[in-house]
Amino acid sequence: MNANAVKTTIVFDDRTVRHFTIASMIWGFVGILVGLIAATQLSFWQMNGRFLQTITGGLIQSEGLDFLTFGRLRPLHTNAAIFAFVGNMMFAGVYYSTQRLCKVRLASDLLSAIHFWGWQLIIVAAAVTLPAGLTRGKEYAELIWPINIAVALIWVVFAINFFWTLKKRNEPSLYVALWFYIATIVTVAMLYIVNHLSLPTSLTHSYPLFGGVQDALVQWWYGHNAVAFFLTTPILGIMYYFMPKAAGRPVYSYRLSIIHFWSLVFIYIWAGPHHLLNTSLPRWLQMLGMLFSLMLWAPSWGGMLNGLLTLRGAWDKLRTDPVIKFFVAAITFYGMSTFEGPLLSIRAVNALSHYTDWTIGHVHAGTLGWNGFMAAGMFYWLVPVLWGTKLRSIPAANMHFWIGTVGILLYVASMWASGITQGLMLNQLNAEGTLPKYEFVETLERIKPLMITRTVGGGLYLIGYVVMLWNLFATIRSGKPVTDSREVYVEPKKHDSMPWKEVFLNDPILYTVLGIFFCCLWFFLPSYANVGALAGGIALTIKGVARFKATHQSWSFWYEKLLENFLPFTVLTFIAVAIGGLLQIIPTVIVNRGDRIEGRIQKLYTPLELCGRDIYVSEGCYNCHSQMIRQMVPDVLRYGTGRRDDYSHLGESIYDHPFQWGSKRTGPDLAREGSKRDYTWQVIHLRNPRDMDRNSTMPNYPWLFDKKADIDALPGKIAAQRTLGVPYEPMTADVIKDKARAQAIEISSALKGQGQLVEPDRQIIALVAYLKALGSWEEKLPAGDKSGDRPSLTPGNPDNHRPVAAIPAPAK
C-alpha cells in the first residue's frame, strides 16, 4: 500500500438503486400484461375492444376501441418491455455495481434524481401517446419527437453521472462489467440520435429525415443494435458483476472477457441488414449483414461459456440457490438466442422465417429468457441486500423459476412451430407452379391453436412474475432500507494520464486497423482483386500473431494501462462501433436517392393520400402488414399483379417517410393493394373485416367513419416533405387543401354509387385513398434513353435487383 494513501469511508447511493429496482418490477408487470392482451388479440379479434359490449350485456356499445387495438398496443408492449422494464433494471444494476467497482459514491445525487424521475416521466408519456395513435411508425422507435428529445437529454444525464463517477473512482483499473456499460452508453446515444432525426410538422407529428431504403437501413441498424446495446451489452455487464457475486467465484477467464467484449462490440453493429434479406435492399448490404451475423456466433458463445464456467466448483449451488438458477437459465437462453439469430440471418433460412412467428419466438426467447430471468436473478439477490433482510420465500422463488421456464418453453416452441408452418404454407405453390396453394387466411386458421398456446405460455410467465412480485414486496416489508458504506484507502491518483499518442501508436491498434482495411478490400473489391486483398489479410494475420508472440508483454502492458484511462478506452470503443454504421449508411444515403434511381420510381402521393398514409401509420398497420414483395417466386405470385418481375423495386418506396416494409405478416402484404381492390371493398373491410372473410382476426375500425381527416395540416406536411427531398411542385396552402377535398368528394361519390354512404371529410376516405395508391409507380429511363426498355435499377450492379427467375407462365 502506498504510504501516502488516506483512509476514508465511502457511503454509497443505494437510494437511487432502490428506486430503479422497484420501478423495473412494476413496469415489468405492465409490459408483460399488455403483451398478453396483444397476444390474445391475435387469436380473438373481439379483444380489440368488442369484448366490452359482450361482458356488459350490451350496456357499453362498442364495435372496437381505437386505443385498444393490436396496432396501438403492440408498440406500447415493446416500449414498456425494453425501456421501462429492462431499462430501469439496467440502471439499477449499473448504478449498484459501478459504485462498488469504482469504490466511490455516484458523482451527483441531483443527476441521479433527475435521471430516475425523468425516465419515469418518459415512460408515462409513452404510455399515454402510443395508445392515442401518436407514433413515428418505426419499430422500437415509435415515440414522438418531443419525447425523443427528452430521452436523449436524460440519457446525457445518465452518461454524465456515469463518466463523472469513473473520473472520481478510487480503483485505478476498469473491471470488465464497466467495459460493457461504457459501450452501452456511447452506442445507444449514437443509434438513438441518428435513427430519430426528424423534421417536425407539429407538436405531435414529424417525418424521419431518411426515406425508403435509406430509412429501412438506418432503422434496422438501430433496431438490431438496440437489441445488442440496450438488451445485451449492459446485461452482460450485469452478468459479469452479479454472477461471480452470487456464485462466490471469480470470472472464469479474463482473457476470454477481452476477446468477448471487443469482438462483440465491433461485429454486432454490422449485422442490421440481416433484417432486410431478400428485399430491395442492395445485395452487397444483405451479404455484409449475413456475413457479420454469422461471425457473431463466436463472441456470443464465448460470453455464454465465460458466464456458465464461472460456476466451476460451485455447481452444487444450482440445486439450492434460486439466484443461481435464474442466472444459469438466463445465460443458457442467451446462448440459444445467439445461436438462432445467426441461423435466421442465412438468406435461405430467412426466406422461410422472415415475416412469420419464428422471428417472434426468437425475440421472446431473448427477452423472456435472457432479460427476464437475469432481471429476476438480480432482483432476488439485490432486494434482500438493499433492505437488509432475507428473501421472504425461497420455495416461492423456485416456483417462479419453474412456472416461468415452462411458460417460456411453451411460448417459444409454439412460435417456432407456428412460424415454420406458416412459412411453408405461404411458400407452397399449386401443382402447376403458377399460383399459391393456400390463401393467407388459411394459414392463420392452421396456426390458431399454436397462437393460443403462445398465450397460455405468456400467461404462465405472468403468473410466475406475480409470484416474484409478492415475494419481493414481502421481503421489502420485512426489512428496512440499508445504506452500504465501506472504508477504502485512497491513493494519489496516477490513472487517467495516458498520452493520446500512446493510445493510438502501438502494435495492437496498428494491426487491428490494417486487418479491418484488408477485410474491407476483400469484401468490396471486384473478383480476382479481392483475392489479393484476402492474401494480404492472411499475411498480415500471420505477421501479427508472430509479433504478438514475440512482444506479448508489451501488448498486455498497453492494455492494462488503457484500462486505467477511461476516456481513451471510451474513444476506442466508440470508434469500434461507429465504423460499421459509417461504411453501411453513408454509401446508401449518397447513392440510393430518388434523383439517382433508374427503372421504377414511386409516384408521389396526392395530398389526400398523404393524409391517409399518416392515418395508416397512426393506427399501427405496419405491425401486421408489410409493403415489400421479396425477390422470391411465392411472394411475387401471391402479392404481385401477374408480371414476372413484380417484386418490390428499390425506387417504389424511395419517397416514403417513414418506410413501411414491415417485419411481420399477420395480414397479407399490401405493396400492390391499389391495383387489387376497389374503394367499396376497402370500406366494408375496414368497417368489419368479417363481412369480407368470416375467419379474419383483424379488428374493426368504426372510429375511422366518425373522425375527421386533418386536411388543415397538409400544407405543413407537404412543405416538410419538400424539405426532405420529395419532389412536390410548389403549391399554396389553399391549392393543397382544395385538391384533398376534391379527391375526397370524388371517392365519397363513387362509394355512394355502390351503396356506401360516407362523408367526404372522414378519415376512412383518406385511408382508402392511400390504400388505392399503393403500388403506383412510373418508369424512369436513363438520360438519353429513348428505347422504352426498362433499365436495371442500379447500373453496374445487375445482381442487385435481378429478375425473379423460373416463374412458370400461367396455365392456359
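Which helix gives the most residues to the nonpolar patch? In this predicted model, select helix 21 to find out: helix 21 gives the most, with 3 residues.

**Stop 1: the nonpolar patch**

Select W500, F504, L505, L567, F574 and I575, and show their side chains. Together these residues form a nonpolar patch on the surface, and their combined accessible area is about 560 Å². Two elements each give two or more residues to the patch: helix 18, which spans 500-504, and helix 21, which spans 566-591.

Now centre on I575, a residue of helix 21. I575 counts as partly exposed because its relative accessibility is 36%, and the partly exposed class runs from 20% to 50%.

**Stop 2: the largest pocket**

Next, select W262, P508, Y511, T512 and W555. Of the 43 residues that line the largest pocket, these are the closest to its centre. The space in this pocket comes to about 1,900 Å³.

To see the walls, colour helix 9 (254-268), helix 10 (283-295), helix 19 (507-524), helix 20 (529-562) and helix 21; these are the elements that give two or more residues to the lining. Helix 20 gives the most, with 13 residues. Colouring the lining of the largest pocket by class gives 33 nonpolar, 8 polar and 2 charged residues.

**Stop 3: a salt bridge between helix 19 and helix 20**

Stay with these two helices and select D507 and R547. The two residues form a salt bridge, and their closest N and O atoms are 2.5 Å apart. D507 belongs to helix 19 and R547 to helix 20, so the pair ties together parts that lie 40 residues apart in sequence.

Are the two partners buried or exposed? D507 counts as buried because its relative accessibility is 18%, and buried means under 20%. R547 counts as partly exposed, at 37% relative accessibility.

**Stop 4: the second largest pocket**

Move to F440, H625, G667, P668 and H685. Of the 44 residues that line the second largest pocket, these are the closest to its centre. About 1,000 Å³ of space lies in this pocket.

The elements to colour here are helix 3 (70-102), helix 17 (440-478), helix 23 (633-639), helix 24 (679-687) and helix 27 (763-773), each of which gives two or more residues to the lining. Helix 24 supplies the largest share, 4 residues. By class, the lining of the second largest pocket divides into 24 nonpolar, 11 polar and 9 charged residues.

**Stop 5: the loop between helix 23 and helix 24**

Select H657 and P658 and look at the backbone. A cis peptide bond joins these two residues, with omega about 0°. P658 sits in the loop between helix 23 and helix 24.

In the same view, select R672 and E652. Their side chains meet in a salt bridge, with an N to O distance of 2.8 Å. Both partners are in the loop between helix 23 and helix 24, 20 residues apart. R672 and E652 are both buried.

Then add R600 and D646, whose side chains meet in a salt bridge at 3.1 Å, N to O. R600 lies in strand 5 (residues 599-602) and D646 in the loop between helix 23 and helix 24, so this pair ties together parts 46 residues apart in sequence. R600 and D646 are buried.

**Stop 6: two residues with positive phi**

Select Y140, in the loop between helix 4 (109-129) and helix 5 (145-167). Y140 is not a glycine, yet its phi is positive, at about 65°. With 14% relative accessibility, Y140 counts as buried.

Then select N278, in the loop between helix 9 and helix 10. N278 is a residue other than glycine, and its phi is also a positive value, near 65°. N278 is buried, as its relative accessible area is 8%.

Finish by drawing a distance from the C-alpha atom of N278 to that of T680. The two atoms are separated by 33 Å, and the residues are 402 apart along the chain.

Methods:
Residues are numbered from 1 along each chain as its sequence is written. This is a predicted model: local features need pLDDT of at least 70, side-chain atom pairs count only at pLDDT 80 or more; totals for chains, interfaces and linings use all residues. Side-chain values use heavy atoms; hydrogens and water are left out. Patches are made of residues with over 30% relative accessible area and no salt bridge: like charges are joined within 9 Å, nonpolar side chains (Val, Leu, Ile, Met, Phe, Trp, Tyr) within 5 Å. Accessible areas come from the Shrake-Rupley method with a 1.4 Å probe; for residues, only the protein chains shown count as cover. A salt bridge is a side-chain nitrogen of Lys or Arg within 4 Å of a carboxyl oxygen of Asp or Glu. Buried means under 20% relative accessible area, exposed over 50%, partly exposed in between (1.4 Å probe, protein chains only). On a 1 Å grid over the protein atoms alone, a cavity is a set of points where a 1.4 Å probe fits but cannot get out, and a pocket is an open set with protein on both sides within 12 Å along at least five of seven lines; lining residues have an atom within 4 Å of a point. Grid points are joined across faces, edges and corners, and a volume is the space filled by probe spheres set on the points. Ala, Val, Leu, Ile, Met, Phe, Trp, Tyr, Cys and Pro count as nonpolar, Asp, Glu, Lys and Arg as charged, and the others, Gly among them, as polar.
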